[in-house]
Amino acid sequence: MANRRLAPAAEQPQSFAFSSENAEWAKGQIEKYPEGRQASAVIPLLWKAQEQNGGWLPRAAIESVADELGMPHIRVLEVATFYTMFALEPVGRFWIQLCGTVPCDSCGARELKDYLQARLGAPGHVSADGNFSWLEVECLGACCNAPMAQINQDYYEDLTPDLLGALMDDLAAGRPVKIGSQVGRTSSEPKGGADTLVDATLFDGSRVGAWRQRFEDKKAEESSEPSGKAEAASSEQRAAADPKPARPDAGRAVEGRSTDAPAQRSASGEKPVKSGDEAEAADPAESTARPGKPAPTPAESIARAEAAGAEAGRQSDLPRDEPPPQPEASGASEGVSTDGPKTAPAETSGDKRPAPKSEGN
């Protein structure tokens, strides 16, 4: 690839300075950047210095640009040696930079490289007549029209060895040449011309956006047809004669009483408690209410409840120093033993309650 070293000292000029015109131009480039950011103008100034020096950058030009921007010399030297757009050795009047990356290499760049090697010699050297020098570089961004080469500041694309040779002859003789594709291609279109987006209806509005006009025409046609009106009228008549049941409104309150509570029945002048509810509430086994029997008065209910509470709260009459009576043996009946003579149930003095019966009774 490219040799990124400075030219020998014998080829280096002793000094470099911008011409008055280029110095004014460089001042305008530096003023584009805020104070303290003048180093951002390093590439434009190096490019202008190379142009003034005949197409290549000597050491004196690099150091002059560094001094103009207040940068260390090594910083500007790093930039100049990194980019192949800056030639570090003398070049011919027409400097050919041949792209050698994958797209161009796949499309014939190797044949172009062999042609330049045979006609001009090794890269980096100027031809004997001083007209040409060449260099293989990385991608130049015209992959669609590969293979290509940059000669001075112009791109020449779709090259073949024969086309490149004719182009070099015309340049050396001073004849006009065609910049860009050498096979008649326009921009990056396919060879032979564009084969997509060529329909004129794509651009005159007859296709793109035409759906709106078709929609409006169809709507107007339907509105003007009597059959459409007759169908609409029959639909209205059918809906009036046979209405569909409305669906309940979700989430909306339904008119009417949501409950049938005693308070609401009383407010409407009805009996608070329904007769059916009274009958269902009466439990024949536990409730004191009996069909056909009057309910007890409040006083009777209170007395009955107090008596039940007193009975439940009565303490045992058994002496504290005597053990409680033991239950009869399992299988014994009241006062009769299965194994012996009849005995009377045990009693304690002070406890009139009968002894508990066994589980078998």
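## Gln-97, a buried polar residue

Let's start with Gln-97, which in this predicted model is buried, with a relative accessible area of 4%. That value falls under the 20% cut-off for a buried residue. Gln-97 belongs to strand 1, which covers residues 94–99.

Which residues does Gln-97 touch, not counting those up to four places away in sequence? They are Thr-84, Met-85, Leu-135, Val-137, Leu-140, Ala-149, Gln-150 and Asn-152. Two of these partners, Ala-149 and Gln-150, will come up again in strand 3.

## The strands around it

Strand 1 pairs with strand 3 in the antiparallel sense, over 3 bridges. If you'd like a spot to look at, find Ile-96, which stands opposite Ile-151 in strand 3.

Strand 3 (residues 148–151) sends Met-148 and Gln-150 one way and Ala-149 and Ile-151 the other way, and all of these are buried. Strand 3 also pairs with strand 4 (residues 154–157), again in the antiparallel sense, this time over 4 bridges. Here Ala-149 stands opposite Tyr-156 in strand 4. The two strands make a hairpin with 2 residues between them, and Asn-152 in the turn has a positive phi of about 55 degrees.

## Two nonpolar cores

Now for the helices. The largest nonpolar core holds 22 residues, and the members that touch the most others are Leu-46, Leu-57, Val-65, Leu-69 and Val-76. At least two residues of this core come from each of helix 1 (20–30), helix 2 (42–52), helix 3 (59–69) and helix 4 (73–82). Helix 3 gives the largest share, with 6 residues.

Another core, of 16 residues, lies apart from this one; Ile-96, Leu-112, Phe-132 and Ile-151 are among its members. Ile-96 and Ile-151 are the pair already met opposite each other, with Ile-151 in strand 3.

Back in the largest core, what is Val-76 in contact with, leaving aside neighbours within four places in sequence? The list is Val-42, Leu-46, Ile-62, Val-65, Ala-66 and Met-71.

## The largest pocket

The largest pocket contains about 210 Å³ of space. Its lining is made of 13 residues, and Gln-50, Glu-51, Gly-55, Asn-152 and Gln-153 are the closest to the pocket's centre. Asn-152 is also the hairpin-turn residue with the positive phi, and one of the contacts of Gln-97.

Helix 2 and strand 1 each supply at least two lining residues, and the largest share, 3 residues, comes from helix 2. Sorted by class, the lining has 7 polar, 4 nonpolar and 2 charged residues.

Notes
Residues numbered from 1 in each chain as written. Predicted model: local features only at pLDDT ≥ 70, side-chain atom pairs only at ≥ 80, totals over all residues. Heavy atoms only, no water. Core = buried A, V, L, I, M, F, W, Y, C linked by side-chain atoms within 4.5 Å. Buried < 20%, exposed > 50% of the residue type's maximum accessible area, 1.4 Å probe, protein only. Contact = heavy atoms within 4.5 Å. 1 Å grid on protein atoms, 1.4 Å probe; cavity = no way out; pocket = protein on both sides within 12 Å on 5 of 7 lines; lining within 4 Å. Points joined across faces, edges and corners; volume = space filled by probe spheres on them. Nonpolar A, V, L, I, M, F, W, Y, C, P; charged D, E, K, R; others polar. Pairing = 2+ DSSP bridges.
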